[in-house]
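Work through the exercises below with the sequence and the structure side by side. Each task is followed by a solution that goes step by step.

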Amino acid sequence: MSRPIETRGAAESIPAAGCLKDSTYTVCGRSITVHWEPDPGQAGRERLDLLLSPYRSAESTTSSTETVTVEGPSADSVWTVRDGAVQERFLGEDELLRQLERSIVAACARYSTTALILHAGAVERDGIALLLPAHSGSGKTTLTLALGARGWRPLTDDICPCVLLEGRVVALPNPRCVHVSDASREVLDSQSIDLEGPVAGLPGYYRPYSWGTAAPLQRIILPCYHPGISTQMVPLTMAEVAAELLLMRFEQDLLPRDVQWNTILQIARQAPGWQLLYSSLDEAFDVVEQIVREPEVTS
Amino acid sequence: MDSPGAPNLVRREDVEMHLMPDGSALLYDPDRNAGYALAPLGALVWDMCDGTYTTQTLLAELEQDLVQVQGIRKDADRCLSEFARLGLLTAAPDVASTHAEGPVPDEGIFAHPINSRTSTRRQPVERPKSRSRKPETPRRSEMAPPDE
């Protein structure tokens, strides 16, 4: 339906001096500029900057590629976002910010030329990374963050960029705000996992205090939380891992399909996969440690 | 035994198969942007769908060559049914193909604007609660857009 938000490559020049009405964000190597018109006392822009602070780039000028314009609010608190000829309307600043944050990250991912971007959590410890691909509601974010109790540092809770380095697929950090429910916060509190937030005063938006560093993927764990279920880990074939990653990849319009495809196949070859069914975090931690201790495969 | 005139099994040429080092295989259907994981038997059955065999001759040959594998006929037959159901074969008797479902509609960037609360977003395929360890049946792994 709508024309996608345009992006430009990070390698292109970004003007150093900026217009106060503009903010530029770079995610997975792609940038989007948000132009606020008229200037709404800077409140909305400042909150969006807080939400997207790790992605903030040098300011844009009005002569640069302005791709998204925010107007409002109207008397009835409706904000309008213009993306070329397409216009979208949002009720209230919080809703505007949620949608802008999500849309900017999603659009950058869509136009990124990073080898592969997956809908997955990822954690890093001692130079190795675990990938946790899963749909919403599977407990992915909670498990990703809770693994901090065992020394794993989050790389991302939902959008994981991956690149090929020296024949190995490496997961990169993507410090997007995490979306955590009150119930999840209680679980994380019980594991002494502290989060910064709510970021920009937006309910449910938090940020870990520290992030992991880029690391080669060593294991794939498909988390599936079910209350009351006994903890099980089910080994997956390489093809099952690859099929799962295919399901979890972002469409990347500017990337040749073979690049994504080869990266997926390489992950399946280098990182054994398991499905993890669990209802207890402590048991899940033990299983994860057991999986990590499994002998490494050579592809 | 095949009924008279039973067609030979022919896999679609545009469907890619990638053999993995552990013997499993991934089928990729570019028309549906979907991937299917196969166990080694599934990969073998797929490989045999080269126009040489009918359903019955394929099953008979497998049964004869792999006599030590229990239930091979049933598992291979299930594979063929799945291939046919997923529209991966050009000739698939007695099984309704779902290949003509069409592409997933493009939804654009904003999934939930206030003037369009009803999302047309295609829901992801639900994972089974307990995974069968009989992966001879191809597991559908269809591309779905990520959700918040």
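**Exercise 1. Decide which residues of α5(A) are buried, and relate this helix to the nonpolar core.**

Solution. Bear in mind from the outset that this is a predicted model. Begin with the helix itself: the buried residues of α5(A) are A:Met238, A:Ala239, A:Glu240, A:Val241, A:Ala242, A:Ala243, A:Glu244, A:Leu245, A:Leu246, A:Leu247 and A:Met248. The helix is thus mostly covered, with 11 of its 11 residues buried.

Next, turn to the largest nonpolar core, which has 35 residues, and in which A:Leu118, A:Leu131, A:Cys162, A:Leu217 and A:Ile267 touch the most other members. Two or more residues each come from β7 (116-125), β8 (128-133), β10 (159-165), β11 (168-171), β15 (215-225), α5 (238-248) and α6 (257-270) of chain A, and also from β2 (25-29) of chain B. Of these elements, α5(A) gives the most to this core, namely nine residues.

**Exercise 2. List the contacts of A:Cys162, leaving out its sequence neighbours, and look for a further core.**

Solution. Once residues up to four places away in sequence are set aside, A:Cys162 touches A:Thr114, A:Ala115, A:Leu116, A:Leu118, A:Val169, A:Val170, A:Leu217 and A:Ile267. A second core, separate from the one already described, has 31 residues, and A:Val70, A:Phe90, A:Val105 and A:Ile159 are among them.

**Exercise 3. Count the disulfides, and explain why A:Cys224 is not in one.**

Solution. A disulfide is a covalent bond between the sulfur atoms of two cysteines. Over all chains, the structure holds zero disulfides. For A:Cys224 the closest cysteine sulfur belongs to A:Cys160 and lies 20 Å away, which is too far for a bond; the cut-off to apply here is 2.5 Å. A:Cys224 also counts as buried, because its relative accessibility is 11%, under the 20% limit.

Repeat the check in chain B, where B:Cys49 is in no disulfide and the nearest cysteine sulfur, that of B:Cys79, is 9.1 Å away. With 1% relative accessibility, B:Cys49 likewise counts as buried.

**Exercise 4. Compare the salt bridges of A:Arg45 and A:Arg47, asking in each case which elements are joined.**

Solution. Side chains of opposite charge can pair when their charged atoms come close. The count over all chains comes to 20 salt bridges. In one of them A:Arg45 pairs with A:Asp49, the closest N and O atoms being 3.5 Å apart. Both residues of this pair, A:Arg45 and A:Asp49, lie in helix α1 (residues 43-51) of chain A, four residues apart, which is about one turn of the helix. Both A:Arg45 and A:Asp49 are buried.

Now take A:Arg47, whose side chain meets that of A:Asp94 in a salt bridge at 2.7 Å, N to O. Because A:Asp94 lies in helix α2 (residues 93-110) of chain A and A:Arg47 in helix α1 of chain A, the pair ties together parts that are 47 residues apart in sequence. As for exposure, A:Asp94 counts as partly exposed at 27% relative accessibility, whereas A:Arg47 is buried, with a relative accessible area of 17%.

**Exercise 5. Find where B:Glu63 and B:Arg73 lie, and identify the salt-bridge network in chain B.**

Solution. B:Glu63 and B:Arg73 form a salt bridge in which the closest N and O atoms are 3.1 Å apart. B:Glu63 is in helix α2 (residues 55-65) of chain B and B:Arg73 in helix α3 (residues 72-85) of chain B, so that the pair, 10 residues apart, links distant parts of the chain. The relative accessible area is 36% for B:Glu63, which is partly exposed, and 29% for B:Arg73, which is also partly exposed. Elsewhere, B:Arg12, B:Asp14, B:Asp29 and B:Asp31 are joined into one network by salt bridges that share partners.

**Exercise 6. Summarise chain A as a whole.**

Solution. Start with secondary structure, which in chain A comes to seven helices and 17 strands. Chain A has 299 residues, of which 59% count as buried. Then consider its contacts between residues at least 6 apart in sequence: 71% of them join residues at least 24 apart. Finally, the accessible surface of chain A comes to about 10900 Å², and 52% of this belongs to carbon and sulfur atoms.

Conventions. Residues numbered from 1 in each chain as written. Chains lettered and ligands numbered in written order. Predicted model: local features only at pLDDT ≥ 70, side-chain atom pairs only at ≥ 80, totals over all residues. Heavy atoms only, no water. Core = buried A, V, L, I, M, F, W, Y, C linked by side-chain atoms within 4.5 Å. Buried < 20%, exposed > 50% of the residue type's maximum accessible area, 1.4 Å probe, protein only. Contact = heavy atoms within 4.5 Å. Salt bridge = Lys/Arg side-chain N within 4 Å of Asp/Glu carboxyl O. Areas by Shrake-Rupley, 256 points an atom, 1.4 Å probe, with all protein chains shown as cover.
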